[in-house]
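Q: I am new to this structure. Please take a close look at a single part of it, and follow the links from there.

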Amino acid sequence: MALIALAADKGAPGVTTAAVALGAVWPRPVLVAECDQAGGDLVYRLPAAAADGDGAEGMLNPSRGLLSLAATARRGLRPDQIAEHCQRLVGGLDVLVGITNAEQAQAMTWLWSPLGRAFAGLAPVDVIADCGRLGADTPLTGLLREADLVVLLTRATLEQVAHLRERVAALTAEMRGGPPVGVLVLADPRDFRGSIAEVDRILATARGRGAAHDPEQGPPPPDVTVLGGLALDPKGAELLSGRWGGRLDRSLLIRSAREVAGDLAGRLPGAAQPPPPPQSLPAAQSPPPEGWPVPEGRVPVGGQHEEGRP
């Protein structure tokens with residue numbers, strides 16, 4: 001139904017952690033897809049749900065995912081082909097496991113535009129694509145152009161925001177006529193709002209706030225908006241890499257992710273669909289495509305989360 005591309009510039013702002021956290025509390029049916037050119041991390045971080053329902057955890061299969069999907073997509077890629085290459089995590093989140101090394105990415109440059117179109121057509125499932133780090137001449141541009149929203153992550157440090165500012169300027173120049181660009185700040189909860197406001201101020205020069213567009217230059221560059229932030233919460237990130245449970249639901253990371261997920265989903269096609277009540281984690285809101293598995297719920301919890309942001 002909608003494609004959200006998550007990415008970053010330099011450093012290690014936690015794109016994969018953010019993608020999984022947002023997927024865990026997403027208010028609509030969702031798939032997290034690893035599209036990182038440097039190789040995915042999920043097979044090393046998170047356990048797979050038992051296929052036979054006996055409760056035993058397993059390992060994600062690195063051969064079933066983006067690699068196997070690419071092998072079947074040489075003659076064309078349709079949205080209904082994606083489900084058979086996905087796996088489910090303990091907790092109920094569906095994932096498309098990425099490649100395991102950068103060498104595999106070199107043979108897949110043709111895939112990204114068709115994959116973006118297939119993701120965008122996967123109604124009623126939203127796709128959160130973990131695109132890792134973006135660099136100059138990234139082959140993922142084709143996928144980014146198919147997205148409904150491109151979200152760049154940064155930590156609230158001078159060096160990371162400076163690199164992000166340059167990446168925003170380059171990306172918006174290259175993506176004229178493309179989807180809007182949002183920025184999420186991974187911020188210390190002790191100065192959450194202040195960090196977000198400071199990043200917004202620094203990025204103002206890169207996005208040309210208030211500048212008039214000359215039609216002779218072609219389509220306008222995409223809008224850039226600082227969307228808010230995720231709590232910089234190492235303990236919550238560690239819980240997210242293990243067995244999901246009630247302590248995770250009360251973490252600052254998940255509490256902030258829930259607010260961000262609601263805001264992002266409200267910006268996407270089909271946003272009129274009402275979200276679930278806040279005391280319960282999201283389950284599927286509408287019938288999935290034929291053959292698509294529906295999780296009963298994602299992060300299993302047993303209580304109402306505390307209100308308010310970090």
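A: Here is a walk that starts at one helix and moves outward.

This is a predicted model, in which local features need pLDDT of at least 70, side-chain atom pairs count only at pLDDT 80 or more, and totals for chains, interfaces and linings use all residues. Residues are numbered from 1 along each chain as its sequence is written, and side-chain values use heavy atoms, with hydrogens and water left out.

Start with helix α1, residues 15–24. Helices (H or I, at least four residues) and strands (E, at least two) are DSSP runs, numbered from the N terminus. Nine of the ten residues of α1 are buried, so the helix is largely enclosed by the rest of the structure. Buried means under 20% relative accessible area, exposed over 50%, and partly exposed in between (1.4 Å probe, protein chains only). Among the buried residues of α1 are Val15, Thr16, Leu22 and Ala24.

Now step into the loop between α1 and β2 (30–34), where arginine 28 lies. Arginine 28 forms a salt bridge with aspartate 126. A salt bridge is a side-chain nitrogen of Lys or Arg within 4 Å of a carboxyl oxygen of Asp or Glu. Here the closest N and O atoms are 2.7 Å apart. Aspartate 126 sits in strand β7 (residues 126–133), so the pair ties together parts that are 98 residues apart in sequence. Both arginine 28 and aspartate 126 are buried.

The count of salt bridges comes to eleven. One of them joins aspartate 249 and arginine 258, with the closest N and O atoms 2.6 Å apart. Aspartate 249 and arginine 258 are buried. Another links arginine 165 to glutamate 166, at 3.8 Å. Arginine 165 is partly exposed, with a relative accessible area of 28%.

Next, the cysteines. The structure holds zero disulfides, a disulfide being a pair of cysteine sulfur atoms within 2.5 Å. The sulfur of cysteine 35 is 5.3 Å from the closest cysteine sulfur, that of cysteine 131, which is too far for a bond. Cysteine 35 is buried, at 0% relative accessibility. Cysteine 131 is also buried, at 0%.

Last, confidence. The protein chain has a mean pLDDT (the predictor's confidence in each residue, from 0 to 100) of 82, and 79% of its residues reach 70 or more. Confidence is highest in β2, at 97, and lowest in helix α10 (residues 246–249), at a mean of 75. Over residues 274–288 the pLDDT is below 50. Where pLDDT is low, the predicted coordinates should not be read in detail.

Note on methods
Contact = heavy atoms within 4.5 Å.
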